Number of protein chains: 2
Amino acid sequence: MFNTASRGWAMACVIGLTAAGRAGSDEGMWLFSAPPVEQLERDHGMAITPDWLLHLQRSSVRFSSGGSGALVSADGLVLTNHHVGADAIQKLGDPAHDYLREGFAAATREDELACHDLELNVLVSVEDVTDRVQAAVAAGMSAESAFAARRSAMAEIEKESLAATGLRSDVVTLYQGGAYHLYRAKKYTDVRLVFAPEQQIAFFGGDADNFEFPRFNLDVCFFRAYEHGRPARVEHHLAWAESGVADGDLVFVSGHPGHTDRANTVAELVSLRDRRLPLDLQILNRLEAVVGAYAAEGPEERRQARQDLLGVENGRKARSGVLAGLLEPRIMAGKREAEARLRRTPEGERGGAASPYARIEEAQRTLDGILVRYRLLEGAAAFNSQYFWNARGILRAAEERGRPSGTRLREYRESNLESLEHQLFSDEPIYDAFEVVKLTDSLTFLATTLGGDDELVGRVLAGRSPRDRAEELVAGTMLGRRPLTGMGTAVADTRRELYDGGAEAVAASTDAMLGLARLVDAESRRVRGIAEAAQEVKQQAHGELARARFAREGAAGYPDATFTLRLAYGTVRGLDGGAKAATAPFTTFGGLFARAATTGEAPPFDLPPRWRAFRDSPAANEAFRQTHFNFISTADIIGGNSGSPVVNRKGELVGVIFDGNIDSLVLDIAYDDLRARAVAVDATAIVAALEHVYHAAGLVRELVAGDGHDR
Amino acid sequence: MFNTASRGWAMACVIGLTAAGRAGSDEGMWLFSAPPVEQLERDHGMAITPDWLLHLQRSSVRFSSGGSGALVSADGLVLTNHHVGADAIQKLGDPAHDYLREGFAAATREDELACHDLELNVLVSVEDVTDRVQAAVAAGMSAESAFAARRSAMAEIEKESLAATGLRSDVVTLYQGGAYHLYRAKKYTDVRLVFAPEQQIAFFGGDADNFEFPRFNLDVCFFRAYEHGRPARVEHHLAWAESGVADGDLVFVSGHPGHTDRANTVAELVSLRDRRLPLDLQILNRLEAVVGAYAAEGPEERRQARQDLLGVENGRKARSGVLAGLLEPRIMAGKREAEARLRRTPEGERGGAASPYARIEEAQRTLDGILVRYRLLEGAAAFNSQYFWNARGILRAAEERGRPSGTRLREYRESNLESLEHQLFSDEPIYDAFEVVKLTDSLTFLATTLGGDDELVGRVLAGRSPRDRAEELVAGTMLGRRPLTGMGTAVADTRRELYDGGAEAVAASTDAMLGLARLVDAESRRVRGIAEAAQEVKQQAHGELARARFAREGAAGYPDATFTLRLAYGTVRGLDGGAKAATAPFTTFGGLFARAATTGEAPPFDLPPRWRAFRDSPAANEAFRQTHFNFISTADIIGGNSGSPVVNRKGELVGVIFDGNIDSLVLDIAYDDLRARAVAVDATAIVAALEHVYHAAGLVRELVAGDGHDR
């Protein structure tokens, strides 16, 4: 399943070398401000209009937790994937309520459950601010100064925009510095859970079937955006298509692909292949073991850890897929050839050792040199605890808020503070035993990676073993909602107090986790500073290359993915099996029942009780069994596209993206339509399941009617 | 659970600095040739006699696969842990027979199942050959020459002994070069499975309860040694005690602790902490993810992969425990102090930069420098496939057998060939899909560790992706039993033919996996050569330190564990709970039922169907429920001791070791009796379960009567 948009390693390092793709291919993650008008006309005879685009844009939703969704009723009803919502659903649970396992359906609007820290954004407008951002950087500036000047200009634009419009305002970097756009979005922070099926049917087949097709997943859930305590009335939402898609149909995907590396130089790809992905996988592999062992301790531990575990398994499989692509000689050879060609252009060769390519390579070496330390400290791989994130957030907020917005660490800029606070004060439950397990493991990783006798390790462990130190830190912090023993429902939580108290209160605090954050912050900031300067060097070099190309070819291409709204399109198409049988583009509910039967219904192929009962009832008739369940298309998607609406030519909802097949993981570095496919839940299946299996008549009416007034 | 004896990294590097332990402590893994007579007399008022010792020695069994056991009837019946036998049990299965899951009970002797590649050894005699081995090494020899001379002398002694006695003959290195002993053992290679319970009761609680106590595991199984096609008649076997042990009882453990690091110098321990264990854990973590994902694909995949997975989980938990000990500041500080004291002795300081400690440190640096390459190549972490092991075995056998025994790689010495061939020609089933998965992952590990553009990586991958190359290699080898498609039960297998054909046949072979082995062998041998020379330097330095100490103090201590037979002793004793409740030294069958109930019988706490039915029957009465199931003692054990018989003062069997608690893992580096405990299955429980749950009356009679003649 696709999910988290960011890879957690510094900023993206991308540029659109891959322009428009070859004629006839459905390549591209297009900007709504620069849609593939000609390609669609040429290859599919489809003319898209500004109104069609605007309606789709304003019906599309970004989940700040990393994922996509769509407004599907005038009353703010939002459809997304179950796995996009799962983190929020898990946090709503407690030892007596396991909504992931049991599912959830609000009987009335009053029963909809308010999420702890979900934020939804709907893109309202886009403005090109490239000139203003570029003007801030003077020729001859050092990388550090250039970075600071650019950051400051971006923060100023955002602050002005926020003040002027009240909308969430982000300057986004496209073509890795070739362009800067101001994205303004309507923000919803009161988001409530409306409906979720059991995770067992949402993620039927589990890790084994993840990134595979044929597939049988009801990977959907519904939230509702609220404003002023009432369901948000929205102007745009997608209509539910009356009929499903057919083989060969053209479909569109509107969502937020998180990150691609298609325009990386060879030096950057080699670093990704030999350093960054292996380090990510090393960290994920050990997390999988540690979290898996904790989950095996009992049912409650399993409930607490399940989402972490699924996320880790998913991340492992996704990164392994990208790595496999990078280890595919034909792909790397293609990249090398393309780069060799481009290096022979005037802008590629200019400057010799100071050529853009050489500067990128040099900056990449710097990044590689600090990679491990960056991940351990700034990436907090050494301090895997929610309390630590809270502690760092409070520590840095106290320092950063005392400075002008433009000089702050970027996530503390004025225009982002509301979103930051929404995260920082989340009242999600934190489980101390689980925190201790994760923190022990990550402190051990720190010690063995830097060496047990390293000076920083000595300071962090403070003369204790990782286990003892982790217990001490967790026991000694109040930076989260902590039930007070023997005090009923009373909780201790000093976050708000310290945040509001500012630098003085934070300096006076003896909170143990805050102490740890303080202890490592100078070194963490130092490493981040080196990374930011190196990224600036890359950004300038990539920007030069991109602008030279725009001048030569026009800006007809699409930029690498950056978790901003993109339009993709594709054809519903099965897979040629080669030596094996071909794969049809659709699965059905009947196929689900067959798959469960042939695997003996052993986990992860067991049906939830409700589905077993339904299957054995007369209602599970032939018509139901033949309903299309999941389908595949050639649309160009990647992690972050999870939950993206799939619409037909009329702009009506026909499905929701939830995955790519294993061969699609290579889309991180290059588009392919031979074996790569986007996998979606068919809209027909959603309605059929809601109606027949869940008897959710009200929800079905709202979907079909487009609002909930007759519920 | 304790299991594999070796850590897979070159030779042990140990010496008995830890002499006898403090008075009153039950420390020690004693040589049968130098038992702790005084300590037992002093602390427990127990006088052990030569006859008592000899009987225990000759009733003890070593499993060459890594584990211990005991002869328990005159007809060659052998008791060990289920997890020691599990590998052999798994290999006996096929898609229609899952003996791990279902258990196995031979109705008659004719039904006993012959194992594919199990070898059992019973130690017959020990001879001190230190002088002869040391005499081979002349002063001033280079490390390489000294290593070769020592290897040659050892091989010669072994060859002579084999010729003279027909017994398996191994010269073992003790006190890391302080002494060399010739161990002669009776060898059994026709070993058959008699009885195994369901793995679910043998390993109740799975990874979650592993290395924990209280515990509820029937971790036993029975094999029978055969000779000339008939059950072996043995002179010595352990009698079954009439009553169980009580709190405070003295017990003895006779088994084969695999490896300890107690006498390592600080430099060696730092390497273990910062390099070797982290690398091991990295490899294990990725294996756990890969094998786990394969096992999740379906029931047959789970059957194929289960043993691998359990082994990996177990190894991960065991190594994490040792690492936790090394990261415990008090333990490392103790090691540093002890070493500082010893370095002030004449033999410690002699030579300055050429002092034994300095030489060990220097050699350790050399080993650290090649660690990764050694593990990838010689350790085959880059080629994780049984076919590769077979290919290398055949390739090297062809070369080595053409040389004099004393100059061969040690595992190819004349006296070891029979055991080697027993492994090499095992007719265990190999599953190609599983091999491809493991090989793909390990080739990926090679590529990312050395870098995708590394020259060796390029040669190994031969222009293909890891996945394609793995498929090509597996499809292109016949070095294992391979069913021929469409040919009924016919199998292809060229191992014997190539082995018998020698160097010429091997050189002419176009087998793909043999080609890979050939491709990397020069580099693999080169790295091994560096490691062996560095080990020789360490061995000489440790030997000097040890001999100086013997001269000063006498050889009263015990050497570090080396998978040779050792005597440990301990007291049946519970655990002081500190702030929590104390833990009694026993669990009961009633406790098992309670544990299953409180965990909702969700895996890994589900009882096998037979046990559920029994629990709900009147036969599960109060007397049965109160039967002692598992117990703990302070005996000094480590991995490899699994399956060790536990006997009382009279030398009667009262239990079988199957684990240590989590706090016992630190015993790798230092003894402790405050929190560390050895965990055993109570002999009373074995008989009660066989009788009441399995109705194995014949087996019970054989155990109680001591032979099977009245069956």
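In this predicted model, 38 residues of chain A are in contact with 39 residues of chain B. Let's start at that meeting place and then work inward.

**Where the chains meet**

On the chain A side, several helices each supply at least two residues: H8 (206–209), H9 (266–295), H10 (299–326), H16 (432–450) and H18 (466–475). Which helix gives the most to this side of chain A? That is H9(A), with 10 residues. By residue class, the side of chain A that touches chain B divides into 15 nonpolar, 12 polar and 11 charged residues.

**Two domains in chain A**

The domain assignment of chain A gives domain 1 (30–119 + 189–262 + 559–705) and domain 2 (264–344). The C-alpha centres of these two domains lie 24 Å apart. Their contact takes 18 residues from domain 1 of chain A and 16 residues from domain 2 of chain A. On the domain 1 side, helix H3 (residues 82–92) of chain A gives the most, with 3 residues. That side of domain 1 is made up of 9 nonpolar, 4 polar and 5 charged residues.

**A helix pair in chain B**

For readers who like geometry, here is a helix packing to look at in chain B. Helix H6 (residues 143–165) of chain B and helix H20 (residues 512–553) of chain B pack at an angle of about 80 degrees, and their axes are 8 Å apart. Because of that angle, H6(B) is roughly perpendicular to H20(B). From H6(B), the contact is made by Ala143(B), Glu144(B), Ala146(B) and Phe147(B). H20(B) brings Glu532(B), Ala533(B), Glu536(B), Val537(B) and Gln540(B) to the contact.

The residue classes of the three contacts described so far can be set out together.

| Residues counted | Nonpolar | Polar | Charged |
|---|---|---|---|
| Side of chain A that touches chain B | 15 residues | 12 residues | 11 residues |
| Side of domain 1 of chain A that touches domain 2 of chain A | 9 residues | 4 residues | 5 residues |
| Contact of H6(B) with H20(B) | 5 residues | 1 residue | 3 residues |

**A close look at Ala153(A)**

Back in chain A, Ala153(A) lies in helix H6 (residues 143–165). Is this residue buried or exposed? Ala153(A) counts as buried because it has 20 C-beta neighbours inside 10 Å, and 20 or more is the cut-off for that label. Leaving aside residues up to four places away in sequence, Ala153(A) touches Arg132(A), Val133(A) and Ala136(A). Val133(A) is 20 residues from Ala153(A) along the chain, with their C-alpha atoms separated by 5.8 Å.

Conventions. Residues numbered from 1 in each chain as written. Chains lettered and ligands numbered in written order. Predicted model: local features only at pLDDT ≥ 70, side-chain atom pairs only at ≥ 80, totals over all residues. Helix = DSSP H or I, 4+ residues; strand = E, 2+ residues; numbered from the N terminus. Buried ≥ 20, exposed ≤ 12 C-beta atoms within 10 Å, placed from the backbone. Contact = placed C-beta atoms within 7 Å. Axes fitted to C-alpha atoms, helices over the stretch in contact; angles between N-to-C directions. Parallel < 35°, antiparallel > 145°, perpendicular 65-115°, else oblique. Nonpolar A, V, L, I, M, F, W, Y, C, P; charged D, E, K, R; others polar. Domains from an automatic or database assignment.
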